[in-house]
Amino acid sequence: MATLSPTAPRTDDDPAREAQHGDQKATAVRLWWLPAMATLVLAMYRIGEPLLSRDELTSWDMSGRSVGQVLATVQRVDGVLGTYYLILHAWTSVFGDSALALRVPSALAMTGAACCVALVGRRLFGHRAGLSAGLLFALIPGVSRFAHEARPYALVMLAVTLSALLLLRALDRPGSPWRWAGYALTLTAVGLFHLIALTCLIGHLALVAMRARRERRTWLGFGCAVLAGVVWLVPVVVLGRAQTARQIWWITKPGAWGLIDIWSQLFYSGLCAGTVLLLALVGCQARRDAVVFCTVSAVAPVLLIWAMSHGHISYFYFRYMLFTLPALAMLAGAGLSTGARSRRVIASVLAILTLLTLSDQKSMREPLAHYWSDGPDFAAAARTIQQGYASGDAIVYNRVQEEALSLGVSYYLPRDLKLRDVFLSESPIRRNDLAATECPDPARCLGGEKRIWVVVEGNVPDPLQGLPPTQVAALQAHYKVSEQTRPTGLTVSLLVRTD
């Protein structure tokens, strides 16, 4: 039987080479496939059950507006979220506006982020560390929580992790303009989804400084890519800065405790935060440049945002810093692969983490999980109105605080059930805004309806509590309370005409 010489070069038809290449390809697929599937399963499990949050209701409202209306609205409010609203508008025009449909883009984005975590982790720490990082990322309750949120946070995490992956690829071939161009595009995406997430550039700068040292070509490529990626964001920055006082006035300035408490908020689980941070400390024994990159990427943005938040406006809100979770997952993956020498031990640690976070995962899928414990339960309020509805009924909302009451009840009411909004003068859509204007003379706005539903926030004894005095006077002059129910966080009353 003829045999190949040990020194003979292998051709493309060499079975040994094909088998090795096939094994490597299968291993590479498993690297991102397992974290992706774990994330997707957890993300899709009961995704439509929690009621839409106040912010998600705004996303629904904006997604139903035309492109022209969205662009006009972001000139006045939510300018930094315009890109997300346009994407959601295109999505819902095809798939509808159910809670499931509104949240699926976030679930898919979080799945993509898990893939990138595994791929970046492999490049930084090795295959086993990358796989561990991707699976750890999938098990973090905060990841599932914001895969269920019809807001841009999951897309931000995808853009940030993808930018890290493309930066590493560009550093492999710093002379390739196409690789730097891809990196620049992801930076633009990061800024378009959330400007604060551009603080991820601190970690990128640290990585380039360690990898490039004095290589001018690398520094030139990095500098040009950052400039090209950020320059398109100038209009968004201008809009966002002009609108911050209206949009995030409610965020309080953080104290020193905020730097400690932030981690349990990010993970949505103190036990998970402690486990991942402990593994991350073990991972600090790995490659120096990789450890510095992950550490700076996870910690530096939090410190910078904390410092910035002691000026006129505070930005220190945990949702704005969710993009730091992938770096922590990568470092923890390195720690898990270093401390556990066998696959069984790694699988055991992941199983223990699953059990530790089971109650957290369960609680965030409850109907009111996207709210505090006191609601409001818009779906229950809508059911009350639907069950007692009679043709010709009208409705009044307490808009003194926000527009969420009208949005929440309207979303859960059947689309064919029409209720005249008695004191509405100009809707948010007509105003190209998120807030409506109300009738200046409520007495004249009453149209002689025999029955009016009133929805106010809180479980209160007075069905008109919180309404402007002029509206209260107009209603009391012609109506009396017939029925009253108190779903969680709301009071729904039916007024009947007395004259």
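Here are three short exercises on residues of this predicted model, each with a worked solution.

**Exercise 1.** Work out where Ser-406 lies, whether Ser-406 is buried or exposed, and what its side chain meets.

*Solution.* Start with the secondary structure: Ser-406 belongs to helix α20, which covers residues 404-412. Next, take the accessibility. Ser-406 has a relative accessibility of 6%, and the cut-off for buried is under 20%, so Ser-406 counts as buried. Now look at the side chain, which makes a polar contact of 2.7 Å with the side chain of Glu-403. Finally, set aside neighbours within four places in sequence; Ser-406 is then in contact with Tyr-397 and Arg-399.

**Exercise 2.** Place Lys-450 in the chain, decide whether Lys-450 is buried or exposed, and find its contacts beyond four places in sequence.

*Solution.* Begin with the loop that runs between α22 (442-445) and β5 (451-457): this is where Lys-450 sits. Its relative accessible area is 68%. Exposed means over 50%, so Lys-450 is exposed. Then turn to the contacts. Not counting residues up to four places away, Lys-450 touches Tyr-479, Leu-495, Val-496 and Arg-497. As a last step, check a C-alpha distance: Ala-394 is 56 residues away along the chain, and its C-alpha lies 8.6 Å from that of Lys-450.

**Exercise 3.** Classify the exposure of Gly-274 and give its C-alpha separation from Val-156.

*Solution.* First find Gly-274 in helix α14, residues 270-283. Its relative accessible area is 40%, which falls between the 20% and 50% cut-offs, so Gly-274 is partly exposed. Then compare positions: Gly-274 and Val-156 are 118 residues apart along the chain, with their C-alpha atoms separated by 24 Å.

Key. Residues numbered from 1 in each chain as written. Predicted model: local features only at pLDDT ≥ 70, side-chain atom pairs only at ≥ 80, totals over all residues. Heavy atoms only, no water. Helix = DSSP H or I, 4+ residues; strand = E, 2+ residues; numbered from the N terminus. Buried < 20%, exposed > 50% of the residue type's maximum accessible area, 1.4 Å probe, protein only. Contact = heavy atoms within 4.5 Å. Polar contact = N/O pair within 3.5 Å; in protein donor to acceptor, adjacent residues only side chain to side chain.
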